[in-house]
Amino acid sequence: MNHPALFEPLTLGPVELGNRIVCAPMERNYCTADGELTDSYLRYLEARAEGGAALIFSEAAYVRADGKGRPRQMGVAEERHIPGLAAMAEAAHRHGAKSGVELNHGGRTVQRRVSGLPPVAPSPVPCAPAGGDMPRALGREEIHDLVEAYGAAAGRCRDAGVDVLSVHAAHGYLVHQFLSPLTNLRSDEFGEPARFLALVMEAVRDAAPDLAVGIRISAFEGVPGGLDAERTFELIGSLPAGALDFIDVSAGNYEAPQWMVQPGEWHPGLLAEHAAPYRRPGLPVGVAGRITVPDVAHDIVAGGKADFVSMARALHADPQWPRRVLDGASFRPCIACNLCIDSLHGGAPVPCTVNPDAGLLIGEPPRRTPGLRARAGSVVVIGGGPAGMEAARVAAEHGQKVHLIEREQRLGGQFLLAAGLGCNPEYRRIIDWYAEELDRLNVIVSTGVEGDADRVAGLRPGGVVIATGGGARVPDVEGADRPHVIDIREWLRRPGEPPERCTVWGADQAAMAVADHIAAQGGEVQIITAREALAPEVGPRARMLAETRLTENSKVRILLRHRVQRIETDHMVADGPAGRISVPALGPVLVSHGVIPAKTPPASLADAIGERFCVVGEAVNGETSMRAAIRDARSAAEAFFGDAGR
């Protein structure tokens, strides 16, 4: 058995888990606007149960309407929520897993435009990151009413057949707000930080005595004046004996979101040391936080730091992660890009960069691919970036004999260039996974060669997939053709050390990442862009660390809202808020303005392949995100190959 400690049973109060892997609560925007579970959500959760996780949590579910923090958040506040809960529990049980719900109230993080009700909290302390609505301080009787709401929600979960309940006492939500000195300014009995939590635990336990009942905590808040690890441990330790069957350890709050969902640059399993002390009283303890690879998960459990691992993003990327780890098989890796958490705030179903199935809704129409379907037999894929590799994988799974041609020496395309930057340490893992998959599926991979007409025609394919990406988009500016003006992706392909000085012309994610990489090597960097902000096309979690480093680095100059009009040898002329200025051109000028999609193959290649071709990814739509490339490749390839070879 591989990683045996992960596959030992574990008892949580009255519930026995088959292993130590828990699908952690994670909001996904998969519910209806009324908080009911959709068929798509039920299938998503069932896939994680079928994949081998022992306990399947849904998400932080609001226990009362004024605690609803997101338009499509799951609810346990009304009787009409019970059927969905029952279906969720049945789905988990069909595969031998247990079903869990995290009970929550948003408190000060709730916005009236979402819940339709004024927010309430221990004290009138607004939460700026959530929107800044001023909450009303709860009265004493209102607090007892809220305690009853937690108990009623627990009863609904019990009636639905749920096995495990976790009270959300972390991440700056209502229970955490009572615990924290930053948000609990009361002088009555509820000024005692753990009083509200103790009452909630009692109510939940009374309403669901035959369920396993525990809490999720933030080991520390991560902000000045907030709860530190020592004080949090003291407060949790003050709860009455028998109140808890388990503790699940996370960290952070809305003012320190990097601790809630950690960036890929941070060490895997970094919260395990904070979970270990909670094992001393003898309760089972779980831990979350950058646990995406089996060695880290196994070491945490086998090393006695925690009894189970709470995994969200890893199972979002690959629902079969537990079974694959047990079998020693390759799994689709989470690359910690945080697209999932950034997408949550936009209200759309939460996707995944590497898993094109995540975020798809039942009944969503597939992409329509023009032209004829491929004939059964052999397929040629031109381009070994993410879109090309996904198309090759899909074709091989459809029974095609696949030949993938990549002009560079290694697979990965432009994503491989991004993987070489310091802010993206996990990116290479998905490229390695694709290489393993293509090998497993017997795809013939030829690197360092051109997919030209003669080569493709000689292979006599029944269909051709073109995934060659797009060309550099360079604004029509005088001097943009000077030799020291270089497309940023072309510059990344060149060997050598980063320049001591450079100018980055553009402010998309690639520009920000390259600027951050060069600055981290000690280089002097100047960013000039007509945009209002750095990398506006991605969410705050994706840009948080790099943007902070750049803005705080004295060797970095950022000129926003400056449109370049002319480039000379030693300076640039730009129009900005203060009018036209001359800006010194530091070193090479690296251009990052996206790509121009190819859309159709070159004429010579088109003559060789005829009508049976399909253009996918960046080559057809110009989108530079890996998620868009993979999802487009999957949907287009499924339509193109259809039942060929099956």
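1. Across which strands does helix α1 (residues 39–50) lie? In this predicted model, helix α1 lies across β3 (21–23) and β4 (55–62). Its direction is at about 145° to that of β4.

2. Strands β3 and β4 belong to a closed barrel of eight strands. The order around the barrel is β3-β4-β5-β8-β9-β10-β11-β12, and the pairing is parallel. From one strand to the next, the twist averages 25°. As background, the strands of a sheet pair through backbone hydrogen bonds, either parallel or antiparallel.

3. One pair within the barrel may be followed residue by residue. Strand β9 (residues 212–218) and strand β10 (residues 246–250) run parallel and are joined by five bridges. Gly214 has Phe246 of β10 as its bridge partner.

4. The annotation of this part of the chain comes from a record. UniProt, in an unreviewed entry, lists "domain: NADH:flavin oxidoreductase/NADH oxidase N-terminal" at residues 6–327. In the model, that span is 33% helix and 16% strand. The C-alpha atoms at the two ends of residues 6–327 lie 12 Å apart.

5. Helix packing is considered next. Two packed helices are described by the angle between their axes and the distance between the axes. For helix α2 (residues 82–93) and helix α4 (residues 140–160), the axes come within 8 Å and cross at roughly 50°. That angle makes α2 oblique to α4. The crossing of α2 past α4 is right-handed.

6. Which residues bring α2 and α4 together? From α2 they are Ile82, Leu85, Ala86 and Ala89, which meet Arg156, Cys157 and Ala160 of α4. By class, six residues of this contact are nonpolar, none is polar and one is charged.

7. Helix α4 also packs against helix α6 (residues 195–207): the two axes come within 8 Å and cross at roughly 30°. This crossing, too, is described as right-handed. On the α4 side the contact is made by Ile143, His144, Leu146, Val147, Tyr150, Gly151, Ala154, Gly155 and Arg158. The α6 side supplies Phe196, Leu199, Val200, Ala203, Val204 and Ala207. The contact of α4 with α6 comprises 11 nonpolar residues, three polar residues and one charged residue.

8. A further annotated span lies at residues 378–581, where UniProt, again in an unreviewed entry, places "domain: FAD/NAD(P)-binding". Over these residues the chain is 34% helix and 26% strand. The end C-alpha atoms of residues 378–581 are 58 Å apart.

9. How are the strands of the open sheet ordered? Five strands form this sheet in the order β18-β25-β19-β20-β21, with parallel pairing. Its edge strands, β18 (485–487) and β21 (556–559), each pair on one side only. Neighbouring strands of the sheet are turned by 20° against each other on average, direction ignored.

10. Within this open sheet, strand β19 (residues 501–505) and strand β25 (residues 589–591) run parallel and are joined by three bridges. Trp505 has Val591 of β25 as its bridge partner. Helix α19 (residues 509–520) lies across β19, β20 (524–528), β21 and β25. The direction of α19 is at about 160° to that of β20.

11. An antiparallel pair deserves separate mention. Strand β22 (residues 563–567) and strand β23 (residues 571–576) run antiparallel, with four bridges between them. A hairpin of three residues connects β22 to β23. Val564 stands opposite Ala574 of β23.

12. The final helix pair is α14 (residues 386–397) with α23 (residues 626–641), whose axes are 8 Å apart at an angle of about 30°. The two helices are therefore roughly parallel to each other. The crossing of α14 and α23 is right-handed. Helix α14 contributes Pro386, Ala387, Glu390, Ala391, Arg393, Val394 and Ala395 to the contact. Helix α23 contributes Met626, Ala629, Ile630, Ala633, Arg634, Ala637, Glu638 and Phe641. By class, the contact of α14 with α23 has 11 nonpolar residues, no polar residues and four charged residues.

How values were computed
Residues numbered from 1 in each chain as written. Predicted model: local features only at pLDDT ≥ 70, side-chain atom pairs only at ≥ 80, totals over all residues. Heavy atoms only, no water. Axes fitted to C-alpha atoms, helices over the stretch in contact; angles between N-to-C directions. Parallel < 35°, antiparallel > 145°, perpendicular 65-115°, else oblique. Left-handed = near helix turned anticlockwise from the far one by under 90°. Contact = heavy atoms within 4.5 Å. Nonpolar A, V, L, I, M, F, W, Y, C, P; charged D, E, K, R; others polar. Pairing = 2+ DSSP bridges. UniProt positions renumbered as here; feature names shortened; annotations may be inferred.
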